[in-house]
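Hello,

Here is the structure we talked about, for you to look over. My notes on it follow below.

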There are 2 protein chains.
Amino acid sequence: MSEPQSDEGPRRPVTLDDVALRAGVSQPTASRVLNGSARKVAESYRTKVLAAARELGYTPNLAAQVIARGSSRTVALIISGISDPYFSAMAAAIMRQAEANDLRVSIAVTDRRVDRELDLVRELRGQQPQAIILAGTGYVDPPSGGELIAELQRYEETGGRVVLISRTDLPFETVRFDNHEGARELAAELAGLGYRRSLVLGSATPLLSMQQRVEGFVAGMAQSSADTATEVAYPEFTWEGARDHILGLSDDELQRLQLVFAITDDMALGAIAGLRARGLRIPEDIAVAGFDDITTLRDVVPPLTTVHVALDTVAEETIKRALSPDGDVRTVPASPVVRASTPRLHG
Amino acid sequence: MSEPQSDEGPRRPVTLDDVALRAGVSQPTASRVLNGSARKVAESYRTKVLAAARELGYTPNLAAQVIARGSSRTVALIISGISDPYFSAMAAAIMRQAEANDLRVSIAVTDRRVDRELDLVRELRGQQPQAIILAGTGYVDPPSGGELIAELQRYEETGGRVVLISRTDLPFETVRFDNHEGARELAAELAGLGYRRSLVLGSATPLLSMQQRVEGFVAGMAQSSADTATEVAYPEFTWEGARDHILGLSDDELQRLQLVFAITDDMALGAIAGLRARGLRIPEDIAVAGFDDITTLRDVVPPLTTVHVALDTVAEETIKRALSPDGDVRTVPASPVVRASTPRLHG
DNA sequence: TTGTAAGCGTTATCAG
DNA sequence: CTGATAACGCTTACAA
């Protein structure tokens, strides 16, 4: 009635106080109606508050709620990158699962800068998330390992949960998928198809899960009864790295090969680009296999043999653990999918 | 000395109070060295506070800072999906640009559910972000338009900024890229290559920017001197939708076509899958073009003719506007990239 | 320069 | 069932 209305200039956001005032009730009552759990408010008040809130366009101030409640319905996801199709698929799966559990996800990206991981954990800790999820990076020999672990432990001590995805380099609960086993089975299948002489493209960056893929594949080939020859190279961990490595091979080396296994689909495609540039046809002249089974890549020609990982399951297990501890280390299976890029050899 | 240490059970997080106490200074002093701007603190105190903070593993409680300061160094990004390579590229570009400006990004996904957009805006408003960025959806005839606009206006009135990306259906500052013009130029180039009879795959979901692509292409073809015939279809706005539409065409219709233009690369790939299933070779029997120039798709065969959008520029302009108003509606160019999927026709 | 005191918007406790 | 009142962790006048 008496307030000078319709000024220009940023008005103060509508607060619970405003709503309470307008509804003619106390702040706590308004709070109970708008957020609280049990419906212990008289119907008459209830409707008044609701009306006032709607008229004023009230939105609860999340920060205030967090600070008052001391907890936050948020999980923080630390991930290497987001344009990478593998990680964006992972992030999407996690967000879907989180939403189903009424959790917000705050995403932070390391861009593969090792030290950022520590910074991000520090920063995220300030958001008081229910859990911090580390997906993806994970070095064979973690550079800032000690500090990172200390930081995460402090976070856990104050009630936060730490969940790792596909990395076992840190002493926290982990959702793994079986990189070693998946690659091993793939190798076994390919050996069964007649492949003997293969090149494995690993990662120059010493990522643990990637090294497991290399080792799994080598083991799988070695296990096959036939005598096999498997070389391993460690180019840069990118599409370009894989391509460039292929471009750098001698004609002789290339001739001898029957198969290139790259530790990710992305690198497999780089390898294919390189092989084609060298004048080879896939799969007629040489076969190629990858790892991850990225759906965005369903259109490459020829369809890529790879190892499929059930990201939805991974996400489900991850969120479950983010909400409450669960001692046993579930390992989500990763299983080979043979497609046209690796046909049976010697028909 | 006297505190009973090493309990089990969630300890309370370390607060500024704890740090101040340990450093033997007052809370504000601790605050000033740890966060405040001017270095108006004696060097002796300064070092003590820093030491205490490090020893205790202090992290500022972000929520408390937000509530005390009233502002948040965060921008909220509302996006259709994140596994979609186009949107993940967009999100990545925005995050990169935001990081460069010391902003956090909180991502929310609509999953193409129309009404979610309104809910998300409400929810995000509670986070008091500096800006809300709406990327992507944008209906020709916004279903919840009125309410959405009201909500966003309220947000702006309280000092928040609203920035739209590639949608002009709402009365807020917009970073556009020229869907119409990009498609028009593409059509002109293709007409120049000899294409006359084409099929345009639009979107059954009435998305404004998508409709602009359709119209731009149609206009471009019509402008070409030669007499052209352009049909437009509106299948579901997905890879499958495009494929299924192709599968549903009669042999006759298919025979007549020289070119399929799909309004996104993703749909273009669906179309290719359909065409191949129908026994056609690309580009020998029929040409295909898309829109977006998604980098993840660099490996499709044949390389796809498409329209490139400079997402980095889009992101840059977006963040700039998120930080401060900037009246003029910059339109980021979108320009055709002709590749092997649309070779010159008739030698 | 430093500390005291008052807020920021919300929830939780505890009388009425 | 409701409403004072005290937190929550931090910042920002204002006084010392």
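To begin with the DNA: a backbone N or O atom of A:Ile67 sits 3.5 Å from a base oxygen of DNA strand D. Bear in mind throughout that this is a predicted model.

Two side chains also approach DNA strand D. An N or O atom in the side chain of B:Gln27 is 3.5 Å from a base oxygen, and one in the side chain of A:Ser26 is 3.3 Å from a phosphate oxygen. Of the strand D atoms within 4 Å of the protein, sugar or phosphate accounts for 65%, and bases make up the rest.

There are 25 residues around strand D, and those that come nearest are A:Thr29, A:Arg32, B:Leu16, B:Ser31 and B:Tyr58. By type, the surface near the strand has 14 nonpolar, eight polar and three charged residues. Helix 4 of chain B gives the largest share of that surface, five residues.

Now the protein-protein contact. Chain A contributes 52 residues and chain B 53 residues. About 4100 Å² is buried between the two chains, 55% of it from carbon and sulfur atoms. A:Ile82, A:Arg298 and A:Asp299 provide 13% of the area that chain A buries against chain B, more than any other three residues.

Between chain A and chain B there are 10 salt bridges. One salt bridge joins the side chains of A:Arg298 and B:Glu240, at 3.7 Å from N to O. Polar contacts between the chains come to 16 residue pairs, with both residues at pLDDT 80 or more. On the side of chain A that touches chain B, helix 5 of chain A supplies the largest share, six residues. That side consists of 22 nonpolar, 12 polar and 18 charged residues.

Regards

Methods: Residues are numbered from 1 along each chain as its sequence is written. Chains are lettered from A and ligands numbered from 1 in the order in which they are written. This is a predicted model: local features need pLDDT of at least 70, side-chain atom pairs count only at pLDDT 80 or more; totals for chains, interfaces and linings use all residues. Side-chain values use heavy atoms; hydrogens and water are left out. Contact means heavy atoms within 4.5 Å. Buried area is the accessible area (1.4 Å probe) that two parts lose on being put together, summed over both. A salt bridge is a side-chain nitrogen of Lys or Arg within 4 Å of a carboxyl oxygen of Asp or Glu. A polar contact is a pair of N or O atoms within 3.5 Å; within protein, one must be able to donate a hydrogen and the other to accept it, and residues adjacent in sequence count only if both atoms are side-chain atoms. Helices (H or I, at least four residues) and strands (E, at least two) are DSSP runs, numbered from the N terminus. Ala, Val, Leu, Ile, Met, Phe, Trp, Tyr, Cys and Pro count as nonpolar, Asp, Glu, Lys and Arg as charged, and the others, Gly among them, as polar. A residue is near a molecule or strand if one of its heavy atoms lies within 4 Å of it.
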